[in-house]
Amino acid sequence: MLDGPLGAGKTVLVQGIGDGLGVRGPVTSPTFVIARVHRAGRLPLVHVDAYRLRDIAEIDDLDLDASAQESLTVVEWGSGLVEGLADAHLRIELSRPRGGRGGDEPGDADERHARLVPVGGDWAARLTRLEMRA
Ligand SMILES: Nc1ncnc2c1ncn2[C@@H]1O[C@H](COP(=O)(O)OP(=O)(O)OP(=O)(O)O)[C@@H](O)[C@H]1O
Ligand SMILES: [Mg+2]
């Protein structure tokens with residue numbers, strides 16, 4: 001689950017995940033199609049943009065439950081929706097750091113912060129393994 005305000009870098013992160021999986025072709029924002037599946041990588045990458053989905057029934061119709069078994073499913077704007085679909089998931093909160101002088105303006109345009117929050121299942125253990133490799 002990717003969380004973070006407009007322009008936080010959610011789609012760019014999914015592009016990086018696509019590169020890591022060896023997905024061919026560009027990963028673009030699926031805002032107008034809700035979900036897109038990229039195959040031909042190590043795992044199918046299911047990219048969902050839930051920005052316009054505000055009803056759990058709509059996201060249920062996508063049948064992500066089934067695809068989650070064999071795919072990597074990434075949901076932009078998934079907070080409040082994904083919880084009902086997957087008890088276990090990794091929540092990634094992206095943000096742009098604040099600028100100096102205590103202002104509310106975003107700081108360095110190129111800097112992003114990612115906070116990884118394990119939710120349920122074995123995600124805490126997975127995250128520990130990831131941190132040991134970093
Ligand atoms: N890690 C990064 N470093 C520098 N620039 C970035 C980074 N991630 C994203 N950007 C830039 O920030 C802008 C917004 O990125 P992106 O479209 O990924 O945001 P988003 O969170 O998906 O936005 P939306 O909420 O509209 O879906 C783009 O111009 C992108 O190039
Ligand atoms: Mg996006």
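Reader: Why is Ser29 called partly exposed?

Author: In this predicted model, Ser29 has a relative accessible area of 33%. Partly exposed residues fall between the cut-offs of 20% and 50%, and Ser29 is therefore placed in that class. Ser29 belongs to the loop between helix 1 and strand 2. Its C-alpha atom is separated by 8.7 Å from that of Val48, and the two residues are 19 residues apart along the chain.

Reader: Why does Lys10 count as buried?

Author: A residue is buried when its relative accessible area is under 20%. Lys10 has 5% relative accessibility, and therefore counts as buried. The residue is part of helix 1. Lys10 and Ile92 are 82 residues apart along the chain, while 9.1 Å separates their C-alpha atoms.

Reader: How do you know that the span of helix 1 agrees with its twelve residues?

Author: The expected span is 1.5 Å times one less than the number of residues. For the twelve residues of helix 1 this gives 16 Å, and the end C-alpha atoms are 17 Å apart, which agrees.

Reader: Which residues of helix 1 are buried, and how do you know that they line one face of the helix?

Author: The buried residues are Lys10, Thr11, Val14, Gly18 and Leu21. Viewed down the axis of helix 1, these buried residues fall within an arc of 90°, and so they line one face. On the other side of the helix, Val12 and Asp19 are exposed. As a general matter, an α-helix has 3.6 residues a turn, so residues three or four places apart point the same way.

Reader: What makes a residue one of those around ligand 1, and which residues are they?

Author: A residue qualifies if one of its heavy atoms lies within 4 Å of the ligand. The residues around ligand 1 are Pro5, Leu6, Gly7, Ala8, Gly9, Lys10, Thr11, Val12, Glu76, Trp77, Asp110 and Arg112. By class, this shell divides into five nonpolar, three polar and four charged residues. Helix 1 (residues 10-21) supplies the largest share of the shell, three residues.

Reader: How do you know that Thr11 makes a polar contact with ligand 1?

Author: The N or O atoms of such a pair must lie within 3.5 Å of each other. A polar backbone atom of Thr11 is 2.8 Å from an oxygen atom of ligand 1, and the pair therefore meets the limit of 3.5 Å. Side chains take part as well. A polar side-chain atom of Glu76 is 3.2 Å from an oxygen atom of the ligand, and for a polar side-chain atom of Arg112 the distance to a ligand oxygen atom is 2.8 Å. Ligand 1 taken alone exposes 630 Å², of which the protein buries 61%.

Reader: Why does Trp77, one of the residues around ligand 1, count as buried?

Author: Trp77 has 18% relative accessibility. The limit for a buried residue is under 20%, and Trp77 therefore counts as buried. Trp77 is located in the loop between strand 4 and strand 5. Its phi is near 60°, a positive value in a residue other than glycine.

Reader: What makes a positive phi noteworthy, and what is the phi of Ala40?

Author: Most residues other than glycine have a negative phi. Ala40 is not a glycine, yet has a positive phi of about 70°. Ala40 sits in the loop between strand 2 (35-38) and strand 3 (45-49). At 49% relative accessibility, Ala40 counts as partly exposed, since a residue must be over 50% to be called exposed.

Reader: Why is His89 counted as buried, and where is His89 placed?

Author: His89 is in strand 5. With a relative accessibility of 7%, set against the cut-off of 20%, His89 counts as buried. A polar atom of the His89 side chain lies 2.8 Å from the backbone oxygen of Ala86.

Reader: Why does Ser79 count as partly exposed?

Author: The relative accessibility of Ser79 is 32%, and the residue therefore counts as partly exposed. Ser79 occupies the loop between strand 4 (72-76) and strand 5 (89-95). From C-alpha to C-alpha, Ser79 and Ala50 are 9.0 Å apart, with a sequence separation of 29 residues.

Reader: How many helices and strands are there in the chain, and what pattern does the chain follow?

Author: The chain has four helices and six strands. Along the sequence their order is β-α-β-β-α-α-β-β-β-α. Of its 134 residues, 32% count as buried.

Conventions: Residues numbered from 1 in each chain as written. Chains lettered and ligands numbered in written order. Predicted model: local features only at pLDDT ≥ 70, side-chain atom pairs only at ≥ 80, totals over all residues. Heavy atoms only, no water. Polar contact = N/O pair within 3.5 Å; in protein donor to acceptor, adjacent residues only side chain to side chain. Areas by Shrake-Rupley, 256 points an atom, 1.4 Å probe, with all protein chains shown as cover. Helix = DSSP H or I, 4+ residues; strand = E, 2+ residues; numbered from the N terminus. Nonpolar A, V, L, I, M, F, W, Y, C, P; charged D, E, K, R; others polar. Buried < 20%, exposed > 50% of the residue type's maximum accessible area, 1.4 Å probe, protein only. Arc of directions from axis to C-beta.
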